[in-house]
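Biologist: Hello! Could you walk me through this structure and tell me what stands behind each word you use?

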Amino acid sequence: MRELLRKNIASLNPYSCARNDFTGEAQVYLDANENWQDFVAIHDANRYPDPLAVTLRKKIEEVMGLPFKHTILGNGSDELIDNLFRCFCEPGKDSALLMPPTYGAYRVFADINDVKVENVPLTTSFQIDFPSLESYLAKEKEQRSNGRLKLLFVCSPNNPTGNAFPLDQIERVCQLFDGITVVDEAYYDFSEKGSATTLLEKYPNLVVLRTLSKCWALASARVGIAIASEELVAVLGSMKYPYNLGTPSQALAYKAIGRSDEVQAGLDLIRDERERMKGLLENIACVTEIFPTDANFFLIRVTDAVGIYHYLAKDGIIVRNRSKELNCENCLRITIGNKTENDTLLAALSAYKEL
Ligand code: PMP
């Protein structure tokens, strides 16, 4: 892993904040230039947060089974994605591989970091195109000179298509690629397919990303989790903003994870609605294709995505038009809401008449 790092990151002398220097319990804290007065009196608002989020990460280990030594938290998984680019890719030299259609932020963070994007598209049924991937990776390896392919993103379940890739396919990607494979499992909890975390011991260059924004219903708190080798976790820890996750966010996350029974029941509700909606969508005239989903949303093909998007919006129903994504012509992405919301959407779609 070390030889894949950007040179400046490999030789970085990390910032050491007050809360890194002293981690025990003390009576008087005069080390961080904080204000001793707390005007809001909630979540120790006048004090800096724990930069290592120790209490929360222990809870994550206990409830989610993600080992403490192998986790690092980000301000949403978006921060972790950006940090992976900054850790590994030399701007203007190195590249990252995406398999579109996929989560749009990978490309944006690549662009921000001046990292070239290579695309090996998914097949038209949104599966990994292994013949193309193998030949691309073999060719890239042969032609390396100044820069090289450093990161490969697999989003599983994939956004916006909804499907998860079987674990043996994810493992195949890890075997084929000699850089850092990032498996984004933001929607993992909704899926029945296995987690790539089970591959971490075998593949030290693998990073798995999770988030509390979806199944854990905590999008506002901005808590993402990277699971990786201790060595990689240490590197990510050395270059992150020291206080990247505020105390209120850590406290909210601790609370949500402590309510895993309720979260599990909520997950069952979403899965039941997913099943019910699938059956009902199949009978709606303007819906021409429903793609298999392992997530909390559907990608559907409709007769006229732009027209239907505006028709729904006029009724106050907002969905995502994904028509411009590769192989997603006339596709809308629909989040599974509560029963009333879903019924409102289904009724509007049923009533839609072509002009
Ligand atoms: N990965 C995927 C696939 C996503 O869809 C999203 C959010 N839409 C994220 C990562 C980012 O999630 P967050 O920053 O809220 O953790």
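Biologist: How do you know that S10 and strand S11 (residues 331–335) pair, and in which sense?

Modeller: Two strands pair if DSSP finds at least two bridges between them. S10 and S11 have two bridges, so they count as paired, and the sense is antiparallel. In one of these bridges, Asn321 has Leu332 in S11 as its partner. Before we go on, please keep in mind that this is a predicted model, where local features need pLDDT of at least 70 and side-chain atom pairs count only at pLDDT 80 or more, while totals for chains, interfaces and linings use all residues. Residues are numbered from 1 along each chain as its sequence is written, and side-chain values use heavy atoms, with hydrogens and water left out.

Biologist: What do the labels S and H stand for?

Modeller: They are strands (DSSP runs of E, at least two residues) and helices (runs of H or I, at least four), numbered from the N terminus.

Biologist: Which strands stand at the edges of the sheet that holds S10?

Modeller: That open sheet has four strands in the order S8-S9-S11-S10, with antiparallel pairing. Strand S8 (287–290) and strand S10 (320–321) each have a single partner strand, so one side of each has no neighbour in the sheet.

Biologist: Why is strand S5 (residues 180–184) called largely enclosed?

Modeller: Buried means under 20% relative accessible area, exposed means over 50%, and partly exposed is in between (1.4 Å probe, protein chains only). Five of the five residues of S5 are buried, so the rest of the structure largely encloses this strand. In a regular strand, side chains alternate between the two faces of the sheet. In S5, Ile180, Val182 and Asp184 are buried on one side, and Thr181 and Val183 are buried on the other.

Biologist: Which strands are joined to S5 by bridges, and do they run parallel or antiparallel?

Modeller: Strand S4 (residues 149–155) is joined to S5 by five bridges, and the two run parallel. Here Leu152 stands opposite Thr181. Strand S6 (residues 206–211) also runs parallel to S5, with four bridges between them, and Asp184 stands opposite Leu209.

Biologist: What makes a right-handed β-α-β unit here?

Modeller: The unit consists of S4, helix H7 (residues 167–176) and S5. Right-handed means that, with the strands pointing away from the viewer, the path from the first strand over the helix to the second runs clockwise.

Biologist: Why is Lys193 called partly exposed?

Modeller: Its relative accessible area is 31%, which lies between the two cut-offs, so Lys193 is partly exposed. Lys193 sits in the loop between S5 and S6. Contact means heavy atoms within 4.5 Å, and beyond its neighbours within four places in sequence, Lys193 has contacts that include Phe165, Tyr188 and Asp294.

Biologist: How do you know that Lys193 makes a polar contact with Ala164?

Modeller: A polar contact is a pair of N or O atoms within 3.5 Å; within protein, one must be able to donate a hydrogen and the other to accept it, and residues adjacent in sequence count only if both atoms are side-chain atoms. A polar atom of the Lys193 side chain lies 3.3 Å from the backbone oxygen of Ala164, so the distance is within that limit.

Biologist: Is Asp94 buried or exposed, and what does its side chain reach?

Modeller: With a relative accessible area of 4%, which is under 20%, Asp94 is buried. Its side chain reaches the backbone nitrogen of Arg148 at 2.9 Å, and a polar contact of 2.7 Å joins it to the side chain of Lys150. Asp94 belongs to the loop between H4 and strand S2 (95–98).

Biologist: Which residues surround the ligand?

Modeller: There are 13 of them (a residue is near if one of its heavy atoms lies within 4 Å). The closest are Ser77, Asp184, Thr211, Ser213 and Arg222. Helix H4 (residues 76–88) gives the most to this shell, with three residues. A nitrogen atom of the ligand is 2.6 Å from an N or O atom in the side chain of Asp184. The protein covers 91% of the 400 Å² of accessible area that the ligand has on its own (Shrake-Rupley method, 1.4 Å probe; for residues, only the protein chains shown count as cover).

Biologist: Why does Phe126 count as buried?

Modeller: Its relative accessibility is 1%, under the 20% cut-off, so Phe126 is buried. Phe126 also has a positive phi, near 65 degrees, in a residue other than glycine.
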